[in-house]
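User: I would like a close look at one part of this structure, namely its salt bridges. Please explain them in connected prose that a first-year student can follow.

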Amino acid sequence: LNDPAWFTNPFDGDESGMWSTDGHYYTVQLAALMMGFPQAQAYKLGAASEKPDSYVLSPSEMQERTTWVDGGLQQRYHALTGGYHGVELAITVYAILKTHSEQDLSDYLLHRFGDSYAHFDIENDRKGLTTYLTINQYVNSLDNFINSYLDENFEFLKATNLGDQVLSVLPFTKVKTAKSRAEIKKEFIDFMLSANHHSIFYTINSWQTLQDKILKSFPFHASQNPYQMYGETQLANCFTFGHASDGHDPDDIRKRKDLYLIYLDDLIELLSLKYNKNVSSQQKARIIGKFKRILEYSSQTPTDRLDAILSLEIELLKNPSANKVDFFIPIKYLAPNTSNINKQIVENVIGFNPSEDVKEQIDNLIKYFYASPDLSKEYVMGDVFPTSDGKAVKFTIFKK
């Protein structure tokens, strides 16, 4: 979720779209825990959702990444394509459920799923987000389109889309062999994820033409399907300025509550389908109800961010009987392997005082704590200290 809009809020560099660390790492982890995932797997899923923006090394340490300055990764990792929301969502969930690996999900696809909501133009919010569609509807519809598309073009693709195959009798010899239909499907999705103009698919239809065709092929109408994603203006190397022109507003979950809750609903369905979790309608209602209460109790807090609040809720869920609960907000820093030019861009432009951002997060948490009747009735706030390595702020609450 990184682009130049990041410079307006340096506490966390994930500011190019609505979902920052609170909408990726913390939201996914808390939802997974409430769905019944083991703690270690819920943490892993949260970290995967955050990975294109930050490496999550522990609950108290994150390293900032700068994939936002890589034009190719802006499209593949962050859905900054200028395409259509419905199409980007369908392509992403299809990749997760049909064609791509668990490693791809961990590296970027779970993050891209969140960004397919966060990165459609905020100007579309006023048009409404009332149409509910299931993840399965998108997957099945796109599968029908791809099968039809391959039927029309399969002979050409089979003849021109060749791969190397090692002969078993001559293990050091490779021959050209036509790729399977499944392999071609995966390459089609890769083309749509990254808009690679050098792909063989581009010789049949342009990426934009395929976006239009997929959108028209949906057998259902949803008001949000044609909403345009950020990234429509790209330089020669595909670099886009994302939503910098809209400032910080797209980052505020509380200003786009309806969209956030649709994302949450779809996230629960996606994780259920991917990992064969049987989540009842009552359980889903409890999860969404929990997030609605978090949004309600945080409505009077001074900052947009929900990091500390969600971190607290995660630790309470993990340690329901503990008399003392510690939780953290990492203060992100650039990863050591960040290229010098990217590091220079960030360090030269920002120039901020982290203590001010940390103070706002602390104020945010305290106001939320006392606005939540269950919390303030059962717990008392303890001390707030920076960790010894200076990479996080540590909070402690105690049972009364």
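Analyst: The following account treats the salt bridges, and then turns briefly to a helix and to the strands.

The model is predicted, so local features need pLDDT of at least 70 and side-chain atom pairs count only at pLDDT 80 or more, while totals for chains, interfaces and linings use all residues. Residues are numbered from 1 along each chain as its sequence is written, and side-chain values use heavy atoms, with hydrogens and water left out.

Side chains of opposite charge can pair when their charged atoms come close. A salt bridge here is a side-chain nitrogen of Lys or Arg within 4 Å of a carboxyl oxygen of Asp or Glu. By this rule there are 15 salt bridges.

One of them joins K51 to D107, with the closest N and O atoms 2.8 Å apart. K51 lies in the loop between helix 2 (39-50) and strand 1 (54-58), and D107 in helix 5 (residues 102-118), so the pair ties together parts that are 56 residues apart in sequence. Helices (H or I, at least four residues) and strands (E, at least two) are DSSP runs, numbered from the N terminus. For accessibility, buried means under 20% relative accessible area, exposed over 50%, and partly exposed in between, using a 1.4 Å probe and protein chains only. K51 is partly exposed at 22%, and D107 is partly exposed at 23%.

A further salt bridge links D190 and R76, at 3.3 Å from N to O. Because D190 belongs to helix 7 (residues 181-194) and R76 to helix 3 (residues 71-78), this pair ties together parts that are 114 residues apart in sequence. Both D190 and R76 are buried. R76 and D190 also belong, with K186, to a network of salt bridges.

E123 and R126 form another salt bridge, at 2.6 Å from N to O. E123 is partly exposed, with a relative accessible area of 39%, whereas R126 is exposed at 69%.

Burial can also be considered for a whole helix. In helix 4 (residues 85-99), 13 of the 15 residues are buried, so this helix is largely enclosed by the rest of the structure.

Finally, the strands may be described. Two strands pair if DSSP finds at least two bridges between them. Strand 5 (residues 324-330) pairs with strand 8 (residues 392-399) in the antiparallel sense over seven bridges, and F327 stands opposite F395 in strand 8. Strand 7 (residues 379-386) also pairs with strand 8 in the antiparallel sense, over six bridges.

Notes:
The expected span of a helix is 1.5 Å times one less than its number of residues.
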